[in-house]
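The following exercises are meant to be worked with the sequence and the model side by side. Each task is followed by a solution in steps.

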Amino acid sequence: MPTIKDIAAKAGVSHGTVSNVLNKRGNVSAEKIQLVERIAKEMGYKMNVQAQQLRAGMARGVCVIVPEISRQSYNDLYFGLERYLQEYDFSIELICTENLECNEARAVKRAVSLNPMAIVVVSSILKNRGLFTDDTCFFFVDRKVKGMPENAVYASFGYEQAGREIAARCAADGYKNIALVCENRVYSNNKAFINGAVEILDDCNCSCRIISCDGSVRLNKAFDILNSREEFDAVIAMSQEDVDYLKMAHRYDPDKKLPAIYALTGKTVGRDSGIFRYELNYKLLGRMIARRIVESSEESEEETERSGAAQQMLLENDGFYDVGVPSVRRDSSICFLTIQNMTGKAIQKLIPSFTKETGIRVDSISVSYDEHYKMAQACCQRSPYDLIRMDMAWMSELGDKIYRPLDPGDPDVRWLNGRILPSMSGDYSLVNGVQYGFPLDACVQMLFYRKDLFGDELIKREFFEKFKRRLEVPKTFREYNEVASFFTRKENPLSRTRYGTVATYGRTFLAACDFLPRLRELKKDIFDENGRVNLLIPEVKQAIEQYLAMCSYSSKDIYQWWAEATRQFSEGDTAMQIVFSNYASEVIHGLDSKVVGRIACGTVPGGQPLSGGGSLGISRFSHKYEECMTFLKWLYRKDIAETITYLGGYICCQGISRNMDILEMYPWVEDMEKSFELGWRAYSHENNPKFQEFLFEDILGRAIRLIASGIEDAETALTRAQEECERMF
């Protein structure tokens, strides 16, 4: 096999230059990077990754030691760790111990010999007798070990709280004779859970038999529970596996009544019929541990030493999966007007379950965006619909004319407001301080970019040589245009993509949305001191110059909708795109997408993204308030909101971003929720009560579209837009 020395000789460069190129470091020109990589490939050179890590002084690796990977909680823990560490090029090694101390001792010694950044262990050892040392960073999950090293981290959940809350729910439901199934009760987390549950059950005069078993006899214990003379009316199970074995045993004797089951499980999407599921989010715990490991690897040695003594990382329990079922059950129907989008399609798929649960039939009418505005306007006079979804940009104009005002003291309204993300703007629900609706398919503009391009060492070097600065995700629109030009082939023949970005101005409201964040970065307001709209200001002209420059780094296709522009990005022709988050799922769901797994997201340059999406309220003409409220409570329930999001829609409920299954499919959801805090949409001025946001966007967008299409120059188009604003406002 060729060596670095052989490559250096053939390339005519130094040994150090080759080493720097192959190890992705050092100040090497783009020309030499291309030369060394080409010759290394021709000679068949393959990097010894482990040797590379060991030469660096500390391997970028993590060892995970668990009793069994088939158990859902441990599988979720590993999944959360692996997915996050992969993003930072960490290797991860898994070792299973079968809950045997001798196996764990061998596993720890092997792990330590690999010189990892950290060892994550679910330990079967009760007392440390020198196996776990301060020389290695240990994360102990769930089970405490007596004598843990001082620099270790204990990571777990509130197990005693879980035991208490499950027992309280079980007792409140009227069950008195309860079996509590758990692993070996000597482990600290099991002890805490049992103590919490038993205390509550004793206070409620319930009998409780604790059944402790390991994996090899779970099925036997399940049969014992179902055939016990004690005739248990409920079972509290400490794992999903215990639930599965109970169901399996019951299938062999289906005439026997299956006790009510309250289970401590991992976090998933969807309900498990007949099971009261209490969730602990092990995927999130794994992710948080991984984040701590990555942060530690980036700290200086001095900072690491200062962190000092043993620490605890206790995550909040997610709790019971269902948060109450609709209280109303009646033979009735409601009519729901919505828009044709991913959220509407997802809701339509789930409506049959609502009807089965409540008896209320929902007639859902989905229309296009253009038709929707006309239908919403007509609903101001009379409405055949009970529930109406409208674009949040129309809320200030139509909200109080279409919707019934909501009483903030109503328990149902309070519950719904408590479910919604606290960062959501009042523009989705309020008109003149009065609540009329709730945010539905809320979205916000985000920057999506190809992380494989932004992380490529050769590309980064080429960018540095051209612009004398590092290639980074742009924070301003000046930087955005610069990066877009670099990734546009007609500007840079070496570009891996044809275009740097996408311009979307085929319709007036698309053009306005595309343009406004650029204007907002330069000037927060469009009104003068008297409340008069003023578009003939230097900042508007400067923003237009920036926008036109951006258009030159985009395809000449004139897109009529955001989904079309997103398709270009998913086909791999574009390096960056700014789009509303509810269209980002198009990148994933497209069967021919070429960028799945290679995209990342960030805040829109300038930090002024537009909010979008819809508001949902009850028509002021509807006589079915109670049925509408029942539907709303169902829609914003945890299981329904998560399933809709999983299907590609979005319901802005708290806790969505804690679901790692959703983040695995749509990694931008977490950043999207943060972007809501920056999002804005409505301009307003106390001296201009006639101002309408949606009409203003139409006027401005018309001007931008004419300018970008080359039909009119900026001066002419802006002057005409200014005259129209003065007439209308």
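**Exercise 1.** Are Phe 486 and Phe 487 buried or exposed?

*Solution.* The model is a predicted one, in which local features need pLDDT of at least 70, side-chain atom pairs count only at pLDDT 80 or more, and totals for chains, interfaces and linings use all residues. Residues are numbered from 1 along each chain as its sequence is written, and side-chain values use heavy atoms, with hydrogens and water left out. Buried means under 20% relative accessible area, exposed over 50%, and partly exposed in between, with a 1.4 Å probe and protein chains only. By this scale, both Phe 486 and Phe 487 are buried.

**Exercise 2.** Determine how the rings of Phe 486 and Phe 487 are arranged, and then treat Phe 631 and Trp 634 in the same manner.

*Solution.* Step 1: recall the rule. Rings of Phe, Tyr and Trp (its six-membered ring) pair if their centres lie within 6.5 Å; planes under 30 degrees apart count as stacked, over 60 as edge-to-face and the rest as tilted. The model has 43 aromatic pairs by this rule.

Step 2: apply the rule. The ring centres of Phe 486 and Phe 487 are 5.1 Å apart and the planes stand at 75°, so this pair is edge-to-face. For Phe 631 and Trp 634, the centres are 5.4 Å apart and the planes make 35°, a tilted pair.

Step 3: locate the second pair. Phe 631 and Trp 634 both belong to helix α24 (residues 625-635), where they are 3 residues apart, about one turn of the helix. Helices (H or I, at least four residues) and strands (E, at least two) are DSSP runs, numbered from the N terminus. Phe 631 has a relative accessible area of 0% and is therefore buried; Trp 634, also with 0%, is buried.

**Exercise 3.** Which ring does the charged end of Arg 169 sit over?

*Solution.* Step 1: a charge sits over a ring if NZ of Lys or CZ of Arg is within 6 Å of the ring centre and within 35 degrees of the ring normal.

Step 2: the charged end of Arg 169 sits over the ring of Phe 320, at 4.5 Å from its centre. Likewise, the charged end of Lys 283 lies over the ring of Phe 79, 4.7 Å from its centre.

**Exercise 4.** Describe Asn 115 and Asn 432 by phi, location and exposure.

*Solution.* Step 1: most residues other than glycine have a negative phi.

Step 2: phi of Asn 115 is positive, near 55°, and that of Asn 432 is positive, near 50°.

Step 3: Asn 115 is in the loop between α6 (101-113) and β3 (118-121), and its relative accessible area of 30% makes it partly exposed. Asn 432 is in the loop between β16 (430-431) and β17 (434-435); with 74%, Asn 432 is exposed.

**Exercise 5.** Where is pLDDT below 50, and what is the mean pLDDT of the protein chain?

*Solution.* Step 1: pLDDT is the predictor's confidence in each residue, from 0 to 100. Its mean over the protein chain is 89, and 93% of the residues reach 70 or more.

Step 2: pLDDT stays under 50 over residues 53-58, a stretch with 9 contacts (heavy atoms within 4.5 Å) beyond four places in sequence. Over residues 300-308 pLDDT is also below 50, and the stretch has 4 contacts beyond near neighbours in sequence.

Step 3: where pLDDT is low, the predicted coordinates should not be read in detail.
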